[in-house]
Amino acid sequence: MSRTERLERDLERGFEALEAGQLDEAIASLDRCQRIDRRNPDVIGLAAAVADARGDIDEAIKQYRALSELYPDDAPPRLAIARLELHGAGDPEAALSTLEAAFDFIDEEPDLIDGVMLRAEAQIATDDLAGARQSLSELTTSAIDDDQLAFDLAELALAAEDLGAARRWIAAARALPIRPPDLDPADAADDEPLPTVDEMTNAREADALHLLGRVHEAADERAEMIECWQKVRLLDGAAPPRGLQISEDELERIAQDALAELPAAVRAKLERVPILIDTLPSPGLIGDGLDPRLLGVFQGTPMPDGGDLAPTVTNIMLFRTNLARAAIDREMLADEVRITVLHETAHYFGLDEADLVKLGLD
């Protein structure tokens with residue numbers, strides 16, 4: 001096998017490994033490629049993608065910049081840099097600067113959509129809501145044929161306080177045909193069949209109604225919000241269990257471990273407070289305005305702003321179905337429970353920012 005053939009083989013293996021989530025295999029393939037020709041543009045592209053997948057923001061930006069220098073008229077490397085500057089480095093100003101140059105070279109519709117959405121996110125992060133609304137107005141519903149992308153645009157419109165646009169994107173998502181998963185049934189877990197079209201339709205409708213409820217909430221349309229969210233609860237409750245499952249005992253253990261991290265004064269107030277576990281928020285709680293997809297809630301009287309009176313907590317309620325759906329594995333689920341318990345408790349007891357930092361919740 002020639003040197004070029006080995007390089008092409010390992011490049012293919014590296015990108016396939018990344019797509020399959022096999023990071024160690026991708027790193028090994030990259031190492032072999034770099035030994036052959038580290039200046040090859042495709043090798044640089046693989047290095048950028050590997051660093052991106054590893055969460056090495058600085059290295060990923062460095063490699064994407066090298067790729068951009070090799071292909072100065074290509075938009076994708078610049079878009080990747082802007083994404084990392086915004087989401088990885090938390091620097092929306094840098095992302096906006098990078099995007100300004102990227103738009104000069106965008107000539108493909110998917111890149112235009114990515115660029116517009118990134119620019120709107122960065123503008124929202126800099127409190128330029130008018131600019132974000134203007135950016136999002138560049139996209140039309142006819143250009144979007146993916147319901148999840150339409151929901152993402154609705155989320156951005158909601159964050160930009162353009163409730164009319166958010167409603168339009170939600171309507172666009174609901175109008176799109178359902179696409180069955182492009183997956184070989186042999187790749188599905190033995191005990192978890194592929195979702196049916198009816199199940200996918202109900203899941204999308206639940207997502208649409210949940211987001212629409214948030215739009216009603218922003219518009220101070222409480223009755224309409226509650227009506228949407230009651231329907232979400234029914235749809236979520238009827239959905240077959242999929243993915244991660246957790247027992248009540250395991251969930252309570254994780255919650256107790258999280259409570260053990262709280263300051264002693266707070267723990268003392270929680271000694272006799274029960275941890276209750278339910279599948280989903282009850283219709284009564286939703287009727288009171290609680291989000292049906294909330295992960296947990298503390299019920300009682302919180303500490304007032306002045307801190308003169310002690311708070312009273314009647315119980316800590318965790319919602320097992322929502323927590324399981326929010327996580328992709330047990331480690332992530334434990335993190336979600338920890339954040340839910342600690343963050344809500346911290347605010348409930350009036351802990352200040354220094355306390356949140358100590359708890360890793362800033």
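## A walk through a mostly helical chain

Among contacts in the protein chain (heavy atoms within 4.5 Å) between residues at least 6 apart in sequence, 60% join residues at least 24 apart. Keep in mind that this is a predicted model: local features need pLDDT of at least 70, side-chain atom pairs count only at pLDDT 80 or more, and totals for chains, interfaces and linings use all residues. Residues are numbered from 1 along each chain as its sequence is written, and side-chain values use heavy atoms, with hydrogens and water left out.

The secondary structure of the protein chain comes to 18 helices and three strands; these are DSSP runs numbered from the N terminus, with helices being H or I of at least four residues and strands E of at least two. Of the 362 residues, 39% count as buried. Buried here means under 20% relative accessible area, exposed means over 50%, and partly exposed is in between, using a 1.4 Å probe and protein chains only.

Let's start with R65, which sits in helix α4 (residues 57–70). R65 is partly exposed, with a relative accessible area of 43%. Leaving aside neighbours within four places in sequence, R65 is in contact with I81 and E85. The C-alpha atoms of R65 and P77 are separated by 7.0 Å, with these positions 12 residues apart along the chain count.

Next come helix α6 (residues 92–102) and helix α7 (residues 109–125), whose axes come within 9 Å and cross at roughly 145 degrees. Axes are lines fitted to C-alpha atoms, for helices over the stretch in contact, and angles run from 0 to 180 degrees between N-to-C directions. The crossing is left-handed, meaning that the near helix is turned anticlockwise from the far one by less than a right angle; clockwise would make it right-handed. On the α6 side the contact is made by P92, L96 and L99, and on the α7 side by G115, L118, R119, A122, Q123 and A125. Those residues divide into six nonpolar, two polar and one charged. In this scheme Ala, Val, Leu, Ile, Met, Phe, Trp, Tyr, Cys and Pro are nonpolar, Asp, Glu, Lys and Arg are charged, and the others, Gly among them, are polar.

Now for helix α10 (residues 163–175). Its 13 residues reach 18 Å from first C-alpha to last, close to the 18 Å expected at 1.5 Å a residue; the expected span is 1.5 Å times one less than the number of residues. Its buried residues are A165, A166, W169, I170, A172 and A173. They fall within an arc of 160 degrees seen down the axis, so they line one face of the helix. The arc is that of the directions from the helix axis to the C-beta atoms. The buried residues of α10 pack against α9 (147–159) and α11 (197–218), while the face turned away from the buried side carries the exposed residues R168 and A175.

Two loops around here deserve a look at their backbone angles. Most residues other than glycine have a negative phi. E161, in the loop between α9 and α10, has a positive phi near 65 degrees, and E161 is exposed at 57% relative accessible area. D220, in the loop between α11 and α12 (222–238), has a positive phi near 60 degrees and counts as exposed at 70% relative accessibility.

Last stop: helix α13 (residues 248–259). Its 12 residues should span 16 Å at 1.5 Å a residue, and the end C-alpha atoms are 16 Å apart, which agrees. The buried residues of α13 are L251, I254, A255, A258 and L259. They cover an arc of only 140 degrees around the axis, which puts them on the same side of α13.
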